[in-house]
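User: Please take a close look at one part of this model, the strand pairing, and then put that part in its wider setting. Keep the sentences short and state your cut-offs.

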Amino acid sequence: MAGSNCTPVTEFSLTGFTEEPVTQVTLFLVFLLTYLLTILGNLGMILLIRASPQLHSPMYYFLGNLAFVDLCSSTVITPKMLVDFMSEKKGIAYAGCVAQVFIFDLFGMTECFLLATMAYDRYVAICHPLMYPLAMSPKCCFQLVTGSYLVGLTNGMGQTVGMASLSFCGSSVIDLFFCDISPLISLSTSDTTLSHTILRTAASLFGVSSSLVVLVSYVAIISTILSIRSAEGKRKAFSTCTSHLTTVSIFYGTSIFMYLKPSSDSSREGDKWAAVLYTVVTPVLNPLIYSLRNREVKEALRR
């Protein structure tokens, strides 16, 4: 418990990556280019799906929402990081930190459930094709996407409530380039029981459940594909889910490395670059993966 003479923190300092001017300029240019590609790629994917009648299907409806989520989650982190590269003082107000935690956790969990929804979509398409029109009706797709956003909203509100219960009276330095709930809990001088409980509950209830949906769906998909006799049939069936499987591997791989590995002082620099993969690189890769590996998207682009 913080002492009665505690002065509440009104601003946090972000350590960023480096203090070397040349390196900072180089990283600024690299991340600026990455962010511009993120905007162009995801916005272009959304507009392409809306403009192309052949892409008006459940899979691309989910993909359009995934592109929107990637665009928003990247915008929460990257612009502030770019400003910090050019600023001598890398600070963020308490209110801005709370907003960043809320929005990032909202869209992060929404993406988890959108990927799970897309895995379920592929499962129905490959394992139960005759049921697909009924199981993936427009109403059902809307409910699945709305549910994903509601779960994300619940997660964002929960993490924000957990942060609001924390007191920060000592160090105000966050050893990262954005406000994340985990380092904030470590930085707090008050009882962190509520914040830890919310964090673990969200990870167990939401993160594990969405991961299980993806895992079970792909076990069933692979089993069904292996039962197909012709090699051409196997290739066609597997080609419909390779893009999504690649996206899932990148997203969950970086997330697991970031949040589930044991923390240590020697790995803090590695944590920052893992966070870069999770927050900056993944949003720019998703539209590239779907545009380069998906035949229908490439045909829509040609038209």
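Analyst: Two strands pair if DSSP finds at least two bridges between them. Strands (E, at least two residues) and helices (H or I, at least four) are DSSP runs, numbered from the N terminus. The model is predicted, so local features need pLDDT of at least 70 and side-chain atom pairs pLDDT 80 or more, while totals for chains, interfaces and linings use all residues. Residues are numbered from 1 along each chain as its sequence is written, and side-chain values use heavy atoms, without hydrogens or water.

Start with the sheet. Three strands form an open sheet in the order β2-β1-β3, with mixed pairing. β2 and β3 stand at the edges with a single partner strand each, so one side of each has no neighbour in the sheet.

Take the two pairings in turn. Strand β1 (residues 11-14) and strand β2 (residues 91-93) pair in the antiparallel sense, over three bridges. E11 has A93 as its bridge partner in β2. S13 has G91 as its partner in β2. With strand β3 (residues 173-174), β1 pairs in the parallel sense, over two bridges. Here L14 has I174 as its bridge partner.

Now the side chains of β1. They alternate along the strand. F12 and L14 point to one face and are buried, where buried means under 20% relative accessible area, exposed over 50% and partly exposed in between (1.4 Å probe, protein chains only). E11 and S13 point to the other face and are not buried.

A helix lies across this sheet. Helix α3 (residues 94-127) crosses β1, β2 and β3, running at about 85° to β2. Such angles lie between N-to-C directions and run from 0 to 180 degrees, with axes fitted to C-alpha atoms, for helices over the stretch in contact.

Next, the wider fold. The protein chain comes to eleven helices and three strands. Along the sequence the pattern is β-α-α-β-α-α-α-β-α-α-α-α-α-α. Of its 303 residues, 48% count as buried. Among contacts (heavy atoms within 4.5 Å) between residues at least 6 apart in sequence, 79% join residues at least 24 apart.

One helix pair shows the packing. The axes of helix α5 (residues 138-164) and helix α7 (residues 193-226) come within 8 Å and cross at roughly 165°. The two helices are therefore roughly antiparallel to each other, a label for angles over 145 degrees, against under 35 for roughly parallel, 65 to 115 for roughly perpendicular and oblique for the rest. From α5, the contact includes V151, T154 and V161. From α7, I198, L199 and F206 are among the residues met.

Two residues in other helices complete the picture. N286 lies in helix α10 (residues 268-293). At 2% relative accessibility, N286 counts as buried. Beyond its neighbours within four places in sequence, N286 is in contact with L66, D70, E111 and T247.

P79 lies in helix α2 (residues 58-85). P79 is partly exposed, with a relative accessible area of 26%. Leaving aside neighbours within four places in sequence, P79 is in contact with Y35 and S74. P79 and L32 are 47 residues apart in sequence and 8.4 Å apart in space, C-alpha to C-alpha.
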